[in-house]
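Biologist: Could you take me through how a model like this one is read, beginning with the way helices pack and moving outward from there?

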Amino acid sequence: MNPDPNPTPPAPNATLILDHAAIDRCLKRIAHEIIERNPDLSKAALIGIPSRGVEMARRLTALITEFTGAAPFSGMVDVAMHRDDLHRHRIPPRVERTELPHEMRDKTIILVDDVLFSGRTCRAAMDSISSFGRPARIQYAVLVDRGHRELPIRADYVGKNMPTAFDERIHVRFEAVDHIPDSVWMSRP
Amino acid sequence: MISPMSATPSIPASPPQRADTGWTHKDLTSIEALTADEIKSILDTASAFKTVGVREVKKVPALRGKTLVNLFVEPSTRTRISFELAAFRLSADVVNISAATSSLTKGETLKDTAKNLEALHADIIVLRHSSAGASQFLAERLDASVINGGDGAHEHPTQALLDVYTILEKKGRIAGLHVAIIGDILFSRVARSNIHALLKLGARVTLVGPRTLVPREFEKMGVAVTHDLDSVLPDADVVNLLRIQHERQRKEYFPSLSEYTAFFGLTQQRAELLKPDALIMHPGPINRGIEIDSDLADSARSVILDQVTNGLAVRMAVLYLCAGSRNG
């Protein structure tokens, strides 16, 4: 991949926080941390939260395979139908497929998302997973932790801690999803 | 990802993939008023909801705390139960009101009944009514979401949606397919909604039945009309057989049920004319031996029970989308 050195910002006043190379380093480090914490990778399943969490889970799975030869399960979990704030949306969020391991009892589910903010998405994802079965444990990997938690939730793997003001926004762009080079941006209202 | 930013729904520039459904209607009163994209959005949402039915826990909290009222002024069992189960699976609370038990029999107007339901904070009203336009009438007057569960001979939108969903699921596409709708078209809201949905999604539609029940007038909708079933079957990808409503004494429209079967029933012999992969559909309840041969109804080509299963997923999608769009 030849990343454009100056990708177009997603908002006029957005500043670049992570470029392609920095995201690559974050993902490789997280992949190594997952390998370290999960000696039996055949029992690990990386489950992305749509939409960019799914791409990130796919990338982490590929890196783990590259580093160890193991091929953990890679899937996704819909959170739209498990959120408690449908009434706060103007347009209903998309409901996505859910792909989880058939048998979860002995599995470590590693939830993957691009940005950790209030923690409500993670809660919805855990609720959704528990309606399918009872995994042995759930871990949580995010590319950016921007703070402002509204629930007692913490990530096990963090690409970058990025303190933000509440009304600032983080935009994550993945080439495979957004057709612009991998990049993370912050914008003010 | 949209969720952490849900309080501020402004979308950053150039996201090629939508994070929302694009659905902006609080009501579903007809297929005619929908765009092809809106129909596709419902079908997409339905395919995600279909998986809820095979989970260990067949319930999601999307509509927790919402109240749905099934206001069925005209009798129905399958549509009402399908909406009821869809609401249960979405964690909504459900109240059923049928004509016999409601104050409508005491002379209360439909609007007053509905206003009373709204005063009790009903969020969604599913209305089945014998008058065309009844659900549109309520939708314009209530803040609650109004879903048309069948209004007279006008439309039955969720039936058409589950029919196209089933075709899409089995055939992988709608555009370019040839769908024959057979039987009592004149009085059929199912036929009208199906015609709108199929044409918007690019299918070709032929209506087949006795002259009295399938007037040429329908050609104005953009469909073909014929009274010769045998000429249509070899080219049809889907045959949708509508129920002959013999309990309504349609004697004036055809001489006898056996004559209807002789000309328009899907018999074993006629089924030989069908393409091997043609789908046989029926909105139910079926009259075995009248519209369709009993064995054919149970054959591998029949997707009649798939339609029932998919109806649940489609209604979950409709409830989710309409209830989620009330906040504009």
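Modeller: This is a predicted model, and a good place to begin is the pair formed by H1(B) and helix H5 (residues 157-171) of chain B, whose axes lie 10 Å apart and meet at an angle of about 70°.

Biologist: How should the angle be put into words: are H1(B) and H5(B) roughly parallel or roughly perpendicular to each other?

Modeller: Angles of 65 to 115 degrees count as roughly perpendicular, and H1(B) and H5(B) are therefore roughly perpendicular to each other. The handedness is given separately, and for H1(B) and H5(B) the crossing is right-handed.

Biologist: Which residues of H1(B) and H5(B) meet?

Modeller: From H1(B) come B:Ile42, B:Leu43 and B:Ala46, and these meet B:Leu161, B:Val164, B:Tyr165 and B:Leu168 in H5(B). Sorted by class, the contact of H1(B) with H5(B) consists of seven nonpolar residues, with no polar and no charged ones.

Biologist: At what angle does H1(B) pack with H11(B), and how far apart are their axes?

Modeller: For H1(B) and H11(B) the angle is about 115° and the axes are 8 Å apart, and here too the crossing is described as right-handed. On the H1(B) side the contact is made by B:Ile42, B:Thr45, B:Ala46, B:Phe49 and B:Lys50, while H11(B) brings B:Asn310, B:Ala313, B:Val314, B:Met316, B:Ala317, B:Val318, B:Tyr320 and B:Leu321. The residues of this contact of H1(B) with H11(B) divide into 10 nonpolar, two polar and one charged.

Biologist: That leaves the pairing of H5(B) with H11(B); how do their axes cross?

Modeller: The axes of H5(B) and H11(B) come within 8 Å and cross at roughly 115°, in a crossing that is right-handed. H5(B) takes part through B:Thr158, B:Leu161, B:Leu162, B:Asp163, B:Tyr165, B:Thr166 and B:Glu169, and H11(B) through B:Asp306, B:Gln307, B:Asn310, B:Gly311, B:Val314, B:Arg315 and B:Val318. By class, the residues where H5(B) touches H11(B) are five nonpolar, five polar and four charged.

Biologist: Let us step back from helices to domains; which domains does chain B have, and how far apart are their centres?

Modeller: The domain assignment of chain B gives domain 1 as 22-155 + 311-324 and domain 2 as 157-307, and the centres of domain 1 of chain B and domain 2 of chain B, taken over C-alpha atoms, are separated by 25 Å. The contact between them draws 21 residues from domain 1 of chain B and 19 residues from domain 2 of chain B.

Biologist: Which elements supply the side of domain 1 of chain B that touches domain 2 of chain B?

Modeller: Helix H1 (36-50), strand S4 (145-151) and helix H11 (304-324) of chain B each supply at least two residues of that side, and H1(B) gives the most, with five residues. The residues on this side of domain 1 of chain B divide into 10 nonpolar, six polar and five charged.

Biologist: How is the overall form of each chain judged?

Modeller: One approach sets the radius of gyration against that of a compact globule; with 328 residues such a globule would have a value near 20 Å, and chain B, at 20 Å, agrees. Chain B holds 11 helices and nine strands, and its C-alpha atoms fill a box of roughly 60 × 55 × 40 Å along the principal axes. For the 189 residues of chain A the globule value would be near 16 Å, and chain A has 16 Å, which agrees. Chain A has four helices and eight strands, in the sequence pattern β-α-β-α-β-β-α-β-β-β-α-β, within a box of roughly 45 × 40 × 25 Å.

Biologist: Finally, which backbone details deserve a careful look?

Modeller: Most residues other than glycine have a negative phi, and most peptide bonds are trans. In chain A, a cis peptide bond joins A:Pro50 and A:Ser51, with omega about -5°, and A:Ser51 is found in the loop between strand S2 (44-48) and helix H2 (52-68) of chain A. In chain B, the peptide bond from B:Gly284 to B:Pro285 is cis, with omega near -10°, and B:Pro285 lies in the loop between strand S9 (279-281) and helix H10 (294-297) of chain B.

Biologist: And what is phi of B:Ser91 near?

Modeller: Phi of B:Ser91 is near 70°, a positive value in a residue other than glycine, and B:Ser91 sits in the loop between helix H2 (78-89) and strand S2 (93-98) of chain B.

Terms used
Residues numbered from 1 in each chain as written. Chains lettered and ligands numbered in written order. Predicted model: local features only at pLDDT ≥ 70, side-chain atom pairs only at ≥ 80, totals over all residues. Domains from an automatic or database assignment. Contact = placed C-beta atoms within 7 Å. Nonpolar A, V, L, I, M, F, W, Y, C, P; charged D, E, K, R; others polar. Axes fitted to C-alpha atoms, helices over the stretch in contact; angles between N-to-C directions. Parallel < 35°, antiparallel > 145°, perpendicular 65-115°, else oblique. Left-handed = near helix turned anticlockwise from the far one by under 90°. Rg over C-alpha atoms; globule rule 2.2 N^0.38 Å.
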